[in-house]
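Biologist: I should be grateful for a close look at the charged pairs of this protein. Please place each pair within the fold and follow the strands and helices that it leads to.

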Amino acid sequence: MIVEFEVKHINDLCVKITDGSHYSPVDDTNGIYPMYSVKDMQYNGFDNSNCKHIGKEIFEKLKKADCRPLKNDILIAKDGSYLKHAFKVKENLEACILSSIAILRPNLDIIDPDYFVYLLRTSTIKNSMANYVSGSALPRIILSAFKKMKLEIISNLQTQTKIASILSAYDDLIEKNNRRMEILRGCAEELYKEWFVRFRFPNHQNTKFINGIPQGWEIKRLGDFGKIETGKTPSTEITEYYGNDILFVKTPDMHGNLYTFETEEMLSIKGSNSQPKKLLPPNSIMVSCIGTGGIVSINAVQAHTNQQINSIILDDKKILEWLFFYCVSLKSTIISFGSTGSTMTNLSKGKFEKLKVLFPQKELIYKYHNKTNAIFNNIKNLMSQNGLLKQQRDLLLPRLMSGKINVTP
């Protein structure tokens with residue numbers, strides 16, 4: 001069967017194209033409706049961990065202004081790393097979006113929304129986006145120009161749907177692994193809270209408490225657990241420093257990831273060797289301390305970080321799981337101690353390594369390690385599987401979209 005293509009303007013593929021609200025939300029502690037910006041976007045949906053919230057009155061106003069994403073809408077990152085993220089809304093969202101995100105409401109009689117999303121993710125489309133943006137410091141898609149962008153699409157709607165289903169099968173497996181990882185992490189974190197926050201650890205009934213603290217526990221500092229290393233960005237003027245050899249971790253790479261396996265930007269061996277003391281061994285605990293403070297992740301392999309991240313290179317690997325969750329619990333402390341009077345957190349290495357830690361008896365930490373180490377390894381393995389699934393999906397994507405792989409609906 002010969003795959004037939006036709007050329008369409010994006011505007012002709014949609015019944016509506018608009019951007020989100022220009023409203024500048026102040027996070028409402030009583031608000032129940034998420035207000036998403038481009039920084040909250042991930043590959044296949046939103047990250048709720050740091051989004052702002054609005055109250056019902058503002059939500060209703062913005063909903064009427066069509067700033068509420070509906071089922072089958074396609075949301076694209078409009079500002080910054082434009083088209084870095086594009087995904088389909090699976091169900092009507094009780095949420096609104098800011099103007100850094102655009103809504104494409106596809107014409108379902110012409111184009112399958114999942115196929116549309118995968119088409120927007122192809123390198124061909126991303127590379128052509130430079131013609132539809134303005135600004136250098138903060139590139140931004142100009143919707144009036146973007147609407148006129150031409151796309152070559154497969155004419156047959158059933159073929160579109162078949163292609164989307166093949167690619168979606170990979171994403172479904174990835175999502176299933178993500179849910180398993182979320183459950184596993186939840187189990188390890190709940191045990192952490194049970195033992196080290198609520199103090200219901202083994203034999204707690206026979207433990208003496210002094211001022212609410214178990215006897216034998218002591219106050220230490222983060223710097224007591226290993227070397228604290230602040231990352232550094234190699235000179236961007238030396239292009240040879242950047243390549244595909246060593247992870248270069250920035251805060252967005254860490255979001256939602258217990259382990260960091262992949263980064264948007266990589267260093268070359270030469271770039272890594274330009275700052276050898278900054279190279280982190282695997283299983284270092286990375287904590288963002290500038291900008292969005294308190295994001296925590298573990299590097300699965302050797303890595304560098306930028307200067308916004310302080311990392312703990314552990315002296316004792318058996319405290320990894322316990323100290324990871326302790327660092328997660330320090331988020332509000334990092335934000336508070338890193339407050340500079342501006343909206344941006346900035347916690348120095350000196351302040352970071354002096355943060356207080358309530359240190360249990362080492363025997364208890366080792367018991368926690370014995371119970372959770374397998375959980376952490378399972379999460380690491382599932383993340384590795386997801387990496388392979390993404391590679392396979394991304395290899396198939398251009399071949400399916402170009403018709404090189406013939407698909408019969």
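Modeller: The model is a predicted one, and a search of the whole structure finds 20 salt bridges. Three individual pairs and one network are described here in turn, together with their surroundings.

The opening case is Lys78, whose salt bridge partner is Asp19; the closest N and O atoms of this pair are 2.9 Å apart. Lys78 belongs to the loop between E5 and E6, while Asp19 belongs to strand E2 (residues 14-19), so the contact ties together parts of the chain that are 59 residues apart in sequence. Lys78 has a relative accessibility of 5% and therefore counts as buried, a term reserved for values under 20%.

The strands on either side of that loop deserve attention. In strand E5 (residues 74-77), Ile74 and Ile76 point one way, Leu75 and Ala77 point the other way, and all of them are buried. This arrangement follows a general rule: in a regular strand the side chains alternate between the two faces of the sheet. E5 pairs with strand E6 (residues 86-88) in the antiparallel sense over 3 bridges, and within E6 it is Phe87 that serves as the bridge partner of Leu75. E5 also runs antiparallel to strand E8 (residues 101-106), to which 4 bridges join it. Here Ile74 has Leu104 of E8 as its bridge partner.

The network is made up of Lys16, Asp66, Asp73 and Arg105, which are linked by salt bridges. Asp73 is placed in the loop between helix H2 (56-64) and E5. With a relative accessible area of 0%, Asp73 is buried. As a gauge of distance within the model, Asp73 and Gly293 are 220 residues apart in sequence, and their C-alpha atoms are 32 Å apart in space.

A further pair joins Arg121 to Asp171, with the closest N and O atoms of the salt bridge 3.9 Å apart. This pair links distant parts of the chain, since Arg121 lies in the loop between helix H3 (113-120) and helix H4 (123-128) and Asp171 in helix H6, 50 residues apart. Both Arg121 and Asp171 are buried.

Helix H6 (residues 157-197) also holds Arg180. Arg180 is one of the residues of a positive surface patch, the others being Lys90, Lys176 and Arg179. The relative accessible area of Arg180 is 46%, so Arg180 counts as partly exposed.

The remaining pair is the salt bridge of Glu262 with Lys390, in which the closest N and O atoms are 3.2 Å apart. Glu262 is found in the loop between E17 and strand E18 (265-267), and Lys390 in helix H12 (residues 362-402), so this contact ties together parts that are 128 residues apart in sequence. Glu262 is partly exposed, its relative accessible area being 48%. Lys390 is likewise classed as partly exposed, because its relative accessible area is 27%.

The mention of E17 leads to an open sheet of 5 strands with mixed pairing, arranged in the order E15-E23-E19-E21-E17. Strand E15 (226-230) and strand E17 (259-260) stand at its edges and have a single partner strand each, so one side of each is left without a neighbour in the sheet. For E15, the pairing with strand E23 (residues 309-314) is antiparallel and extends over 5 bridges; Glu229 stands opposite Ser311 in E23.

Within the same order is strand E19 (residues 285-288). Both of its faces are covered: Ile285 and Val287 on one side, and Met286 and Ser288 on the other, are all buried. E19 is antiparallel to strand E21 (residues 296-299), the two pairing over 3 bridges, and Met286 stands opposite Ser297 in E21. E19 also runs antiparallel to E23, with 4 bridges joining the two. In E23, Met286 has Ser311 as its bridge partner.

Finally, a helix with extensive burial may be noted. In helix H9 (residues 320-329), 8 of the 10 residues are buried, so this helix is largely enclosed by the rest of the structure. The buried residues include Leu320, Trp322, Leu323, Phe324 and Phe325.

Conventions: Residues numbered from 1 in each chain as written. Predicted model: local features only at pLDDT ≥ 70, side-chain atom pairs only at ≥ 80, totals over all residues. Heavy atoms only, no water. Patch = residues over 30% accessible without salt bridge, like charges linked within 9 Å, V, L, I, M, F, W, Y side chains within 5 Å. Areas by Shrake-Rupley, 256 points an atom, 1.4 Å probe, with all protein chains shown as cover. Salt bridge = Lys/Arg side-chain N within 4 Å of Asp/Glu carboxyl O. Lys, Arg positive; Asp, Glu negative; His and termini not counted. Charge placed at Lys NZ, Arg CZ, Asp CG, Glu CD. Buried < 20%, exposed > 50% of the residue type's maximum accessible area, 1.4 Å probe, protein only. Pairing = 2+ DSSP bridges.
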